[in-house]
Amino acid sequence: MRWPLLLLATLSYTASAVAAAENRPNFLVLLVDDLGYGDIGPFGNTSIPTPNIDRLAAEGAVLKQSLVAAAMCTPSRAALLTGRLPIRYGLAPQEDEWEIILLAASRLGLLPNETTLPKVLGRHGYTSSLVGKWHLGISCQRYGDHCHHPLTHGFDSFYGIPMTNLKDFGDDGETVYASVHPNGFPILYALMAGGVMSALFFRRRSRLLLALSLALTGAALLTALFFANWKILSSLIMQDEQVVEQPMRLKGLAQRFVAETEERLAAHARAGRPFFHMHSFCKMHAALAVADEFRGKSRHGLYGDSVLELDWAVGRILHTLRRLGLDRNTFVYFTSDNGGHTEERGINGDVQGGFNGPLKGGKGMGGMEGGIRMPTMVRYPPRVPAGSVVDLPVSSMDLLPTALRLAGLDVSRELPNREIDGRDMLPLLSGAAHVSPHRFLFHYCKATIHSARWMEDAAHTWKVHFYWPPWIPGTQRCPYICQCHHSLVLPQPAVYNIQQDISEERPLSPDTAQYGRVLQTMRNAVEQHQAGLEGVPSQMTWWDHMWRPQLQACCQPPFCRCTDPKYP
């Protein structure tokens, strides 16, 4: 009699487990690149129609004070996937180091011992897929070890760009190098010419000076050749672990990515298992190449056309969810990796960067609202009331603990030895709570805290600035992009109630008791936070950034040129 009862109990448990699995939500992350806070309708834009994004906002919650962990691509994306500040795993570089991955053949990336949201979900029956931009590295020691690759970090399939979208990858002759260093190429050419002339002069006079002249010529030549071939070296598309296109064709890329996402959503629906899918757009980052149907259709040039294309893509993806019957049980999270690049200009001087609305600053400015406050929306009909607005601080790092809770998992059990900086924001999203899940948030620019937030109560979110960007006088921008190490230390930190002063126009007077109380509280919080850091060394040193031939991806050696046969 015991065996039938045991079998019945086992079957009952299995049935309940299957039912629980079937009720677990799916997750769809729509991650835009460099989208400005004021670029879309739900955040105040009235000059570019975004009906599909507007509908997403109307069906869910608009998060007015959603923050990212960094104002640049690589560290921000890492924080979203891990729920942890980049400084905890070496992606917050020192002041004079770059904080983004610039070369496909560098050894930089998200370390394989970091645990991502799709990796945790994969342990519990979820399938995960990524379409679009990765920008968290490829390989470590040799090409093919794929230690930083999406498939190493919990994704079961990948179609997209392992790097990023750059001006250099377009067809109009623009380069990031020339934007950052307008006289860079002329200087390189002058150095080459000077080196040759010096070599001719010293060839019979001094072997040492001859060698130095030839070394100068060679270094300048190699640098010029490198930047001239950046497109071949780092502009590529991968399907899983295979390079299928090099260099990538930017025009029509949004349409290809949408088609790939539609395929994966359909495959997830057929499999009948819960899924995590990330669609990571490669724009609004320049170069801005749009399909013919959107070109010239907006009032704001190529950038506005790109916003129209973005809205179309969002509409297609959400329509596919509805068509497959997945929309009601899918947690949709729409955000950007950092703020609009306010300095970005096209070859003819036209604006090609985002509009950050009432916020000061933009991309690259880790302490400024325009760099770290994102246009974010969440839709999940079972728990998030339609048409709701949340105007309390949350973070992109909150996605991980929130998603795990919705999946029925406990963060402390799944990640017992990890310091998680994200917090569960479901009570706030559902309306069950009316306070931020955070008490303090620390806003890093590279490895330095430039500003910090203290959520004292619903009416008071204090923000303290310890540094200020080195803006061109009379503007709120730098020559091309603001560098953290050029920022100005404020001898008297600036304090704002960001809850009521979104544009940071009304600082507290340093003469008031309120100012002293807030500043001392923030300094104590910063000190306590820094004392809890483990001192992980930066993996973003110049040595780590260097191009390494053994790490170079190449689809058809030695020319490294191929076109994805799926999209001839």
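Which residues of α12 are buried? Keep that question in mind as you open the viewer, and remember that you are looking at a predicted model.

**Stop 1: helix α12**

Select residues 399–406, which make up helix α12. The buried residues here are Leu-399, Leu-400, Pro-401, Thr-402, Ala-403, Leu-404 and Leu-406. That is seven of the eight residues in the helix, so α12 is largely enclosed by the rest of the structure. Now step just past the end of α12 and click on Gly-408, where phi is positive, at about 80 degrees.

**Stop 2: an open sheet**

Next, colour the strands β12, β13, β14 and β15. These four strands form an open sheet, in the order β12-β13-β14-β15, with antiparallel pairing. Which strands stand at the edges? They are β12 (440–445) and β15 (488–497); each has a single partner strand, so one side of each is left without a neighbour in the sheet. Look along the sheet and compare the directions of the strands: on average, neighbours are turned by 15 degrees against each other, direction ignored.

Stay with the sheet and select the helix that packs on it, α15 (residues 513–531). Helix α15 touches β12, β13, β14 and β15, and its direction makes about 120 degrees with that of β13.

**Stop 3: strand β13 and its partners**

Zoom in on β13, residues 448–457. Is this strand mostly covered or mostly uncovered? Eight of the ten residues of β13 are buried, so "mostly covered" is the right description.

On one side, β13 pairs with β12 in the antiparallel sense, over six bridges. To see one of these pairings, select Cys-445 and its bridge partner in β13, Thr-448. The two strands form a hairpin with two residues between them. Click on Lys-446 in that turn, where phi is positive, at about 60 degrees.

Then turn to β14 (residues 460–468), which runs antiparallel to β13 and is joined to it by six bridges. A pair of tryptophans gives you a landmark: Trp-454 has Trp-462 in β14 as its bridge partner. Here too there is a hairpin, joining β13 to β14 through two residues.

**Stop 4: helices around α10**

Hide the sheet and show α10, residues 301–323. Two packed helices are described by the angle between their axes and the distance between the axes. Two partners of α10 let you try this out.

Begin with α9, residues 253–271. The axes of α9 and α10 come within 10 Å and cross at roughly 15 degrees. That makes α9 roughly parallel to α10, since angles under 35 degrees count that way. The crossing is right-handed. To view the contact, show the side chains of Ala-254, Gln-255, Val-258, Thr-261, Glu-262 and Leu-265 in α9, which meet Glu-309, Trp-312, Ala-313, Arg-316, Ile-317, Thr-320 and Leu-321 in α10. Seven of these contact residues are nonpolar, three are polar and three are charged.

Now add α2, residues 51–58. This helix packs against α10 at an angle of about 50 degrees, with the axes 7 Å apart. The two helices are therefore oblique to each other. From α2, the contact uses Pro-51, Asn-52, Ile-53, Arg-55 and Leu-56; from α10, it uses Leu-310, Asp-311, Trp-312, Val-314, Gly-315, Leu-318 and Arg-322. This contact divides into seven nonpolar, two polar and three charged residues.

**Stop 5: some unusual backbone spots**

Most residues other than glycine have a negative phi, and most peptide bonds are trans. The last few selections go the other way.

Find His-146 in the loop between β3 (127–133) and β4 (157–161). Its phi is positive, near 50 degrees, and His-146 is buried, with a relative accessible area of 4%. Asp-240 sits in the loop between β5 (237–239) and β6. Here phi is positive as well, near 55 degrees, but Asp-240 counts as partly exposed, at 28% relative accessibility.

Move on to Pro-247, in the loop between β6 (242–245) and α9. Which kind of peptide bond joins Gln-246 and Pro-247? The bond is cis, with omega about -10 degrees. Finish in the segment after α16 (542–545), where you will find Pro-558. The peptide bond from Pro-557 to Pro-558 is cis, with omega near 0 degrees.

Key: Residues are numbered from 1 along each chain as its sequence is written. This is a predicted model: local features need pLDDT of at least 70, side-chain atom pairs count only at pLDDT 80 or more; totals for chains, interfaces and linings use all residues. Side-chain values use heavy atoms; hydrogens and water are left out. Two strands pair if DSSP finds at least two bridges between them. Axes are lines fitted to C-alpha atoms, for helices over the stretch in contact, and angles run from 0 to 180 degrees between N-to-C directions. Contact means heavy atoms within 4.5 Å. Angles under 35 degrees count as roughly parallel, over 145 as roughly antiparallel, 65 to 115 as roughly perpendicular and the rest as oblique. A crossing is left-handed if the near helix is turned anticlockwise from the far one by less than a right angle, and right-handed if clockwise. Ala, Val, Leu, Ile, Met, Phe, Trp, Tyr, Cys and Pro count as nonpolar, Asp, Glu, Lys and Arg as charged, and the others, Gly among them, as polar. Buried means under 20% relative accessible area, exposed over 50%, partly exposed in between (1.4 Å probe, protein chains only).
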